[in-house]
Amino acid sequence: MKNYYIFFNKNYVRQSDANIPVLSSSSQFGLNVFEGIRVYKEDFFYIFRLKDHLKRLNNSLNLIGFDVELISKKEFLNITRKLIILNNIKTDFSLRITYLVDEIGSWSSIKRPTFFIAPLIKERNSADNYKTAVLTKTKRISKHAMNPKIKCGANYINGRYALLEAKSKGADLPILKNHDGFISESSGACVFLVKNGIIITPSLDCDILESITRDTVIKIFLENNYKVEERHVTEREFIESDEAFLCGSAAEITPIKLIKKDNFEIGRITKFIFQQYHLAVTAKSYDKNFWTTKLDIENYN
Ligand code: PMP
């Protein structure tokens, strides 16, 4: 990974110079909240659903008990612009914004968090790229124990267990069920399936992250007159689906093949949403939803 400039503690520093104490609660206990926000390069840079990412970040900050005023959209855009120039970025990338505690303390620390914003180079998916998936024994964390709606580092240990289990079973990615036995989500993406032309996805009460991409996908399907069902999904329905795909800011639209299925081909509806999603993130369509923020680096004062 390149040693990019990042914004940390109110300064632009090389990534290797941004350090926190090893005994801080963030380093020890995964106490942090974060977002991964995609930026697509076309004629200009386009940031996807920035307002919604900042809203979820604010929600995570509140739910985890951090008392801090969130960065404004304007400040975020200024920092992004500077990072593009300093790092001479000319391609698609992703922005990681993380609030963390950089002082020594316990997991119950209520110290004022600091934040960093770091660019990570992330190319868009290619249309014929699919991943294999397997249902895991590892269950999704329950909203009654660790709220899966909070995008915090510690919650990803659940995803880690599931991912390691999936890999040990020969699959690329896991599909987790929740404690009630219904399909929940993958380790870093939400799940959709298609049956007889109907789009089905686990509802928000299935211990999932309130995914911004999931919301985008549902809206695109509805705008194109597909029937979408948000509800509890059984393992059997999932296994017997005609098509399945994952979605997320990083995963974008990722077709999945269950490891036990033979004769796999990426389905027609998965191909459709893949294309439409890319039109949406690059501001070529769905503009009345105001999902993209255009960043003009040359003409800015
Ligand atoms: N679920 C989990 C557990 C995730 O980590 C992610 C990635 N942020 C998603 C779903 C997808 O969320 P989004 O579409 O907002 O990126």
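The dialogue below reads the ligand site, the pockets and the cavity of a predicted model.

Student: What should I keep in mind about numbering and confidence before reading this model?

Tutor: Residues are numbered from 1 along each chain as its sequence is written, and side-chain values use heavy atoms, with hydrogens and water left out. Since the model is predicted, local features need pLDDT of at least 70 and side-chain atom pairs count only at pLDDT 80 or more, while totals for chains, interfaces and linings use all residues.

Student: Which residues surround the ligand most closely?

Tutor: A residue is near a molecule if one of its heavy atoms lies within 4 Å of it. Here 15 residues surround the ligand, and the closest are Tyr-156, Glu-185, Ser-211, Thr-213 and Ser-249. Sorted by class (Ala, Val, Leu, Ile, Met, Phe, Trp, Tyr, Cys and Pro are nonpolar, Asp, Glu, Lys and Arg charged, and the others, Gly among them, polar), this shell has five nonpolar, six polar and four charged residues.

Student: Which side chains have polar atoms at short range from oxygen atoms of the ligand, as listed for Ser-211, Thr-213 and Ser-249, and at what distances?

Tutor: A polar contact is a pair of N or O atoms within 3.5 Å; within protein, one must be able to donate a hydrogen and the other to accept it, and residues adjacent in sequence count only if both atoms are side-chain atoms. In this site an N or O atom in the side chain of Ser-211 is 2.7 Å from a ligand oxygen, a polar side-chain atom of Thr-213 lies 2.5 Å from a ligand oxygen, and for Ser-249 the corresponding distance is 2.6 Å. The protein covers 94% of the 380 Å² of accessible area that the ligand has on its own, by the Shrake-Rupley method with a 1.4 Å probe, where for residues only the protein chains shown count as cover.

Student: Where does the ligand sit?

Tutor: Rolling a probe the size of a water molecule over the atoms shows where empty space is left. On a 1 Å grid over the protein atoms alone, a cavity is a set of points where a 1.4 Å probe fits but cannot get out, whereas a pocket is an open set with protein on both sides within 12 Å along at least five of seven lines, and lining residues have an atom within 4 Å of a point. The ligand sits in the largest pocket, meaning that more than half of its atoms lie within 2 Å of the grid points. That pocket has a volume of about 870 Å³, and of its 40 lining residues the closest to the centre are Lys-151, Gly-188, Ala-189, Ala-250 and Ala-251. Strand E3 gives the most to this lining, with five residues.

Student: What lines the second largest pocket?

Tutor: The second largest pocket, of about 320 Å³, has 13 lining residues, and Asp-52, Lys-55, Arg-56, Glu-210 and Ile-212 are the closest to its centre. Helix H2 (50–64) supplies the largest share, five residues, and the lining has three nonpolar, two polar and eight charged residues.

Student: Which residues line the largest cavity?

Tutor: The largest cavity holds about 40 Å³ of space, and its lining consists of Ile-37, Arg-38, Phe-48, His-53, Ile-212, Thr-213, Ser-249 and Tyr-277. Strand E3 (32–41) and helix H5 (212–223) each supply at least two of these residues.

Note on methods
Points joined across faces, edges and corners; volume = space filled by probe spheres on them. Helix = DSSP H or I, 4+ residues; strand = E, 2+ residues; numbered from the N terminus.
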